[in-house]
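Thank you all for making time this morning. I would like to walk you through one structure, and I will begin with a pair of helices before turning to the ligand.

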Amino acid sequence: MANRQPDLDPKVLTIADLLVEGQKNVTLASKEYFNGGAGEMITVRDNEDAYNRYKLRPRVLRDVDGVDMTTSIFGVQVAAPLGFAPSAAHKLAHPDGELATSRAAAKNNIPMCLSSYASMGLEEVKAAGGSNPHAMQITFVRDLEATKEQISRAERAGYHAIFVSVDLPILGKRLNESRNNFSFPAGLEFPNIRCRPTESDTNVHLYSISFCEIGRLTSLDPSITWEKAIPWLRAQTKMEIWLKGIYTPEDVAMAISHGLDGIIISNHGGRQLDGVPATLDALRDCAPVAEGKIAIAIDGGIRRGADLFKAIALGAQFCFIGRVVIWGLAYNGEKGVDLAVKILLDELRQTMMLCGCHSIRDITKGHLSVLQSNGRLSKL
Ligand SMILES: Cc1cc2nc3c(=O)[nH]c(=O)nc-3n(C[C@H](O)[C@H](O)[C@H](O)COP(=O)(O)O)c2cc1C
């Protein structure tokens with residue numbers, strides 16, 4: 001067919017295909033670690049399902065020749081409002097680990113956020129990238145010096161922002177990890193984590209440690225507050241500071257009054273607190289408070305270009321993907337991640353054209369409706 005676009009991969013036409021093909025290459029325990037979440041995983045499912053509650057409202061006869069998906073984040077121009085959320089231990093999915101992820105992000109000129117629990121050093125990951133922006137995810141642990149060192153290493157390496165995961169005063173209860181007795185394989189390293197081996201040891205070392213040891217050595221700090229964290233962070237760095245895991249309009253207002261640069265509406269992909277609503281629903285509540293005052297992004301459940309479109313229509317300036325990156329890695333390393341991005345961006349471009357949007361700015365909630373229980377569509 002003359003007008004049919006060529007397929008990027010014979011087996012993987014969608015992200016759903018990528019999930020099927022990618023997980024053929026990992027063990028059951030790894031698959032469940034990647035795909036699982038907290039408790040009964042109601043929120044894991046809700047994150048995806050929420051996107052199906054919104055229907056697209058296409059407008060026709062608009063000039064959509066040469067659709068423009070570009071936007072910016074951290075003051076840097078990027079190809080599209082899509083980036084990589086931080087996720088731990090990419091070497092578990094593919095031996096090239098975060099280097100492969102970083103190269104795929106650079107190739108597509110989109111931002112990458114590196115997890116504190118990455119399996120490769122933040123400097124080499126940044127060096128593998130290009131001029132695309134990088135963020136470093138941090139978590140408050142009881143050893144504040146360790147966090148301080150992570151931030152200054154990221155700043156020295158040229159990272160643009162830190163994403164502070166604020167939904168982690170305690171690790172969520174992930175039942176699959178208990179049932180599978182999951183642990184990272186021996187030899188997998190976490191080179192961005194510095195820990196003190198014992199309370200009495202005054203020498204601080206950079207360790208290559210197992211995840212079980214991470215739990216023991218880098219204990220999360222549940223006593224952290226807005227007043228303690230934000231001024232301290234500002235004193236450490238000139239990088240942008242974004243909070244990841246914001247969920248309510250009240251906390252959006254707090255983030256604005258504390259002068260943060262951005263927020264990510266995130267429930268950690270349903271891995272922390274089961275029973276919170278889908279991020280898309282939280283976004284709808286939070287976006288009006290953020291508008292014009294603080295940058296706002298979303299992650300969780302994004303599996304299609306149309307999902308990106310819907311999140312943008314509901315007020316997100318930027319969207320991040322977590323598991324999709326891991327499935328791409330598991331499928332075919334850097335090429336698999338590149339494929340995942342290309343599928344999503346092709347779908348976004350197509351959705352924009354078919355909805356009559358020439359640029360990201362043109363996407364509004366006027367392009368969405370909700371199907372009511374009486375079978376009628378209602379505009380937002
Ligand atoms: C396997 C895995 C590991 C993750 N590790 C981290 C992490 O180290 N730090 C963090 O802030 N978020 C982590 N996340 C959460 C992601 O940043 C993101 O919020 C979530 O994956 C988005 O949902 P999605 O996977 O449905 O796109 C992890 C998610 C997964 C699936």
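Helix α4, which covers residues 97–107, and helix α13, which covers residues 323–355, have axes that come within 9 Å and cross at roughly 60°, and please keep in mind throughout that this is a predicted model. The crossing in which α4 passes α13 is left-handed. On the α4 side, the contact is made by Gly97, Ala100, Thr101, Arg103, Ala104 and Lys107, while α13 contributes Val325, Leu329, Gly333, Glu334, Val337 and Asp338. If we sort the residues of this contact by class, we find five nonpolar, three polar and four charged.

Let me now move to the ligand. Which residues are closest to the ligand? Of the 23 residues that surround the ligand, the closest are Pro86, Ser115, Ser165, Asp299 and Arg303. Ser165 also appears among the polar pairs, since an N or O atom in its side chain is 2.7 Å from an oxygen atom of the ligand. A nitrogen atom of the ligand is 3.1 Å from an N or O atom in the side chain of Gln137, and with Gly322 it is a polar backbone atom that sits 2.9 Å from a ligand oxygen.

Taken on its own, the ligand has 610 Å² of accessible area, and the protein covers 97% of that. The elements that give two or more residues to the shell around the ligand are α2, residues 28–35, and α13, the helix that we met earlier in contact with α4. By class, the shell has eight nonpolar, ten polar and five charged residues.

Definitions and conventions
Residues numbered from 1 in each chain as written. Predicted model: local features only at pLDDT ≥ 70, side-chain atom pairs only at ≥ 80, totals over all residues. Heavy atoms only, no water. Axes fitted to C-alpha atoms, helices over the stretch in contact; angles between N-to-C directions. Helix = DSSP H or I, 4+ residues; strand = E, 2+ residues; numbered from the N terminus. Left-handed = near helix turned anticlockwise from the far one by under 90°. Contact = heavy atoms within 4.5 Å. Nonpolar A, V, L, I, M, F, W, Y, C, P; charged D, E, K, R; others polar. Near = heavy atom within 4 Å. Polar contact = N/O pair within 3.5 Å; in protein donor to acceptor, adjacent residues only side chain to side chain. Areas by Shrake-Rupley, 256 points an atom, 1.4 Å probe, with all protein chains shown as cover.
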